[in-house]
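Here is a short briefing on one protein chain. Please keep the sequence and the model in view while you read.

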Amino acid sequence: MYEIKTQAFFSAAHHLLNYDGECENQHGHNWMVEAFVQGEVLNQSNILIDYKVLKKELNAVLDTLDHKDLNDLPEFKGESPSSEMISAYIYSKLKEKIVQLSKITVWETQTSCCSYFEAE
């Protein structure tokens, strides 16, 4: 089994709903997103997927979030746009384009992240 990963970034604001603490206030992050792809079969160039293709598709999803107030987006309307919800959203959108996608990890700080993947 092979696994590759690429990273991309976006900046956005959010606030958590139904939360008692500082994060209930509007604040922003410079988010780092890691996209993981797994598979057993390599193509004729002996690669699982072209990094350029993966990064292009990931950036297309992140462009919908970049420099936005996530609470105002229809995808998170009435929901807390937590790292958990953001990772699941990115996964579902990217999975439409990259079928071998295995996991999305969203870092909101250098020490705090959330991963989303489908259970097998």
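**Ser115 and strand β5**

Setting aside neighbours within four places in sequence, Ser115 makes contact with Ser87, Lys103, Ile104 and Thr105. Ser115 belongs to strand β5. The model is predicted. The points below start at this strand and then move to the core, the helix α2, the pocket, a buried histidine and the loops.

- Ser115 counts as partly exposed because its relative accessibility is 32%, which falls between the 20% and 50% limits.
- Lys103, one of the contacts of Ser115, is 12 residues away from Ser115 in sequence, and their C-alpha atoms are 6.7 Å apart.

**Nonpolar core**

- The largest nonpolar core holds 27 residues. Phe10, Leu65, Ile86, Ile90 and Ile104 have the most contacts inside this core.
- At least two core residues come from each of β1 (2-14), β2 (27-39), α1 (51-62), α2 (83-95) and β4 (101-107).
- The biggest contribution is that of α2, which gives five residues.
- In soluble globular proteins, nonpolar side chains tend to be buried together.
- What does Phe10 contact, leaving aside neighbours within four places in sequence? The partners are His29, Asn30, Trp31, Val33, Leu62, Leu65, Asp66, Ile86 and Ile90.
- Leu65, Ile86 and Ile90 are thus among the contacts of Phe10, and these three are also listed with the most contacts inside the core.
- Ile104, another residue of that list, is in contact with Ser115.

**Helix α2**

- The helix α2 has 13 residues. From first C-alpha to last it reaches 18 Å, close to the 18 Å expected at 1.5 Å a residue.
- Which residues of α2 are buried? They are Ser83, Ile86, Ser87, Tyr89, Ile90, Tyr91 and Leu94.
- The cover over these buried residues includes β1, β2, α1, β4 and β5 (113-116).
- Ser87 is buried in α2 and is in contact with Ser115, a residue of strand β5.

**Largest pocket**

- The largest pocket has a volume of about 180 Å³.
- Its lining is made up of Gln38, Tyr91, Lys95, Val99, Gln100, Leu101, Ser102, Lys103, Phe117, Glu118 and Glu120.
- Two elements, α2 and β4, give two or more residues to this lining. The largest share, three residues, comes from β4.
- By type, the lining residues are four nonpolar, three polar and four charged.
- Two lining residues have appeared above: Tyr91 and Lys103 line the pocket. Tyr91 is buried in α2, and Lys103 is in contact with Ser115.

**His14, a buried histidine**

- His14 is in strand β1. Is His14 buried or exposed? His14 is buried because its relative accessible area is 1%, under the 20% limit.
- Residues up to four places away in sequence aside, His14 touches Asn25, Gln26, His27, His29, Trp31, Asp69, Leu70, Asn71, Pro81 and Glu108.
- His29 and Trp31 are among the partners of His14, and they are among those of Phe10 too.
- His14 and Ile104 are 90 residues apart in sequence, with 19 Å between their C-alpha atoms.

**Loop between β1 and β2**

- Gln26 sits in the loop between β1 and β2. Gln26 counts as partly exposed because its relative accessibility is 46%, between the 20% and 50% limits.
- Beyond neighbours within four places in sequence, Gln26 is in contact with Ala13, His14, His15 and Asp69. Asp69 is also touched by His14.
- Gln26 and Lys77 are 51 residues apart along the chain, and their C-alpha atoms are separated by 15 Å.
- Asn18 lies in this loop as well, between β1 and β2. Asn18 counts as exposed because its relative accessibility is 86%, over the 50% limit.
- Phi of Asn18 is near 55 degrees, a positive value in a residue other than glycine. Most residues other than glycine have a negative phi.

**Loop between β2 and α1**

- Asn46 is in the loop between β2 and α1. Its phi is positive, near 60 degrees, and Asn46 is not a glycine.
- At 59% relative accessibility, Asn46 counts as exposed.
- Val41 is placed in the loop between β2 and α1 too. Its relative accessibility of 67% makes Val41 exposed.
- Val41 and Glu22 are 19 residues apart in sequence, and 47 Å separates their C-alpha atoms.

How values were computed
Residues numbered from 1 in each chain as written. Predicted model: local features only at pLDDT ≥ 70, side-chain atom pairs only at ≥ 80, totals over all residues. Heavy atoms only, no water. Core = buried A, V, L, I, M, F, W, Y, C linked by side-chain atoms within 4.5 Å. Buried < 20%, exposed > 50% of the residue type's maximum accessible area, 1.4 Å probe, protein only. Helix = DSSP H or I, 4+ residues; strand = E, 2+ residues; numbered from the N terminus. Contact = heavy atoms within 4.5 Å. 1 Å grid on protein atoms, 1.4 Å probe; cavity = no way out; pocket = protein on both sides within 12 Å on 5 of 7 lines; lining within 4 Å. Points joined across faces, edges and corners; volume = space filled by probe spheres on them. Nonpolar A, V, L, I, M, F, W, Y, C, P; charged D, E, K, R; others polar. Expected span 1.5 Å × (residues − 1).
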